[in-house]
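I opened a fresh page for this structure. My plan is to start with the overall layout and then work down to single residues.

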Amino acid sequence: PDPEEGYVLFMIQGERYFIRTDNLPYMMLDKPYSIDPGKYDMALLRKAAGKVTDELFIGKVSITDDGETLRFQADAYEPSYGHFRDSIGCYLGVIHETQKRLHDVYDEMVRQKDNQKELAS
């Protein structure tokens, strides 16, 4: 995202985060990162992203149409800057937990698919 398009960029320990600012007081904290689609079963990754998003209230996972970027998001209504400032650590925690959950769900789906292949042979 481009800061001129309503986003603020910041970094923590080398990781990029964006805060969408064009629709305040609705706030979206976004952590995108590039992936190599050749290293993933993209159908399973998309299925895992949908499952995680459906199971979590505040955390979301999306994959760009080209399959090259994963985005982890925490969405919230922020009535004041002070509340946002006090809550940003929680939102960062949601991003990290969403990321962990995606990897856990994806790995389990891959294991299940591999087990099904073994049983079929």
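**Entry 1: the layout**

I read the chain from the N terminus, and its elements run β-β-β-α-β-β-α. That makes 2 helices and 5 strands in the protein chain. I note at once that this is a predicted model.

I looked up the overall dimensions next. Along the principal axes, the C-alpha atoms fill a box of roughly 60 × 25 × 25 Å. Of the 121 residues, 35% count as buried. I also checked contacts between residues with a separation of 6 or more. Of these, 53% link residues 24 or more positions apart.

**Entry 2: the sheet**

In what order do the strands form the sheet? I found an open sheet of 5 strands in the order β1-β2-β3-β5-β4, with antiparallel pairing. β1 (7-12) and β4 (59-63) stand at the edges. Each has a single partner strand, so one side of each is left without a neighbour in the sheet. On average, neighbouring strands are turned by 25 degrees against each other, direction ignored.

I reminded myself of one general point. Strands of a sheet pair through backbone hydrogen bonds, either parallel or antiparallel.

Then I went through some of the pairs.

- β2 (residues 15-20) and β3 (residues 26-34) run antiparallel and are joined by 3 bridges. A hairpin of 5 residues connects β2 to β3. Ile19 stands opposite Leu29 in β3, and Arg20 has Met28 as its bridge partner there.
- β3 and β5 (residues 69-77) pair in the antiparallel sense over 9 bridges. Here Lys31 stands opposite Phe72 in β5.
- β4 and β5 also run antiparallel, joined by 5 bridges. Val61 stands opposite Phe72 in β5. The hairpin of β4 and β5 has 5 residues between the strands, and Gly67 in this hairpin takes a positive phi near 70 degrees.

**Entry 3: the two faces of β4**

I looked along β4 to see where its side chains point. In a regular strand the side chains alternate between the two faces of the sheet. β4 shows alternation: Gly59, Val61 and Ile63 point to one face and are buried. Lys60 and Ser62 point to the other face and are not buried.

**Entry 4: helix α1**

α1 (residues 42-55) lies across β4 and β5. The helix runs at about 160 degrees to β4. I checked its length too. At 1.5 Å a residue, the 14 residues of α1 should span 20 Å, and the end C-alpha atoms are 20 Å apart, which agrees.

Which residues of α1 are buried? I listed Met42, Leu44, Leu45, Ala48, Ala49 and Val52. They cover an arc of only 155 degrees around the axis, which puts them on the same side of α1. The cover over these buried residues includes β4, β5 and α2. The face turned away from the buried side carries the exposed residues Ala43, Lys47 and Asp54.

**Entry 5: the nonpolar core**

I turned to the largest nonpolar core, which has 26 residues. Met27, Leu29, Leu45, Val61, Leu70, Tyr91 and Leu102 touch the most other members. β2, β3, α1, β4, β5 and α2 each give two or more residues to this core. The largest share, 9 residues, comes from α2.

I picked Leu29 for a closer look, leaving aside its neighbours within four places in sequence. Its contacts include Phe10, Tyr17, Phe18 and Ile19. Phe72, Gln73 and Ala74 are also among the contacts of Leu29, as are Tyr91, Leu92 and Ile95.

**Entry 6: two residues in α2**

Gln99 lies in α2 (residues 81-120). Is Gln99 buried or exposed? Gln99 counts as buried because its relative accessibility is 13%, and the cut-off for buried is under 20%. Beyond its neighbours within four places in sequence, Gln99 is in contact with Lys31, Tyr33 and Phe72. I had already met two of these names: Lys31 stands opposite Phe72 in the pairing with β5.

Gly82 is also placed in helix α2. With a relative accessible area of 23%, Gly82 is partly exposed. Last, I looked up how far Gly82 is from Glu55. The two are 27 residues apart along the chain, and their C-alpha atoms are separated by 29 Å.

Terms used
Residues numbered from 1 in each chain as written. Predicted model: local features only at pLDDT ≥ 70, side-chain atom pairs only at ≥ 80, totals over all residues. Heavy atoms only, no water. Pairing = 2+ DSSP bridges. Helix = DSSP H or I, 4+ residues; strand = E, 2+ residues; numbered from the N terminus. Buried < 20%, exposed > 50% of the residue type's maximum accessible area, 1.4 Å probe, protein only. Contact = heavy atoms within 4.5 Å. Axes fitted to C-alpha atoms, helices over the stretch in contact; angles between N-to-C directions. Core = buried A, V, L, I, M, F, W, Y, C linked by side-chain atoms within 4.5 Å. Expected span 1.5 Å × (residues − 1). Arc of directions from axis to C-beta.
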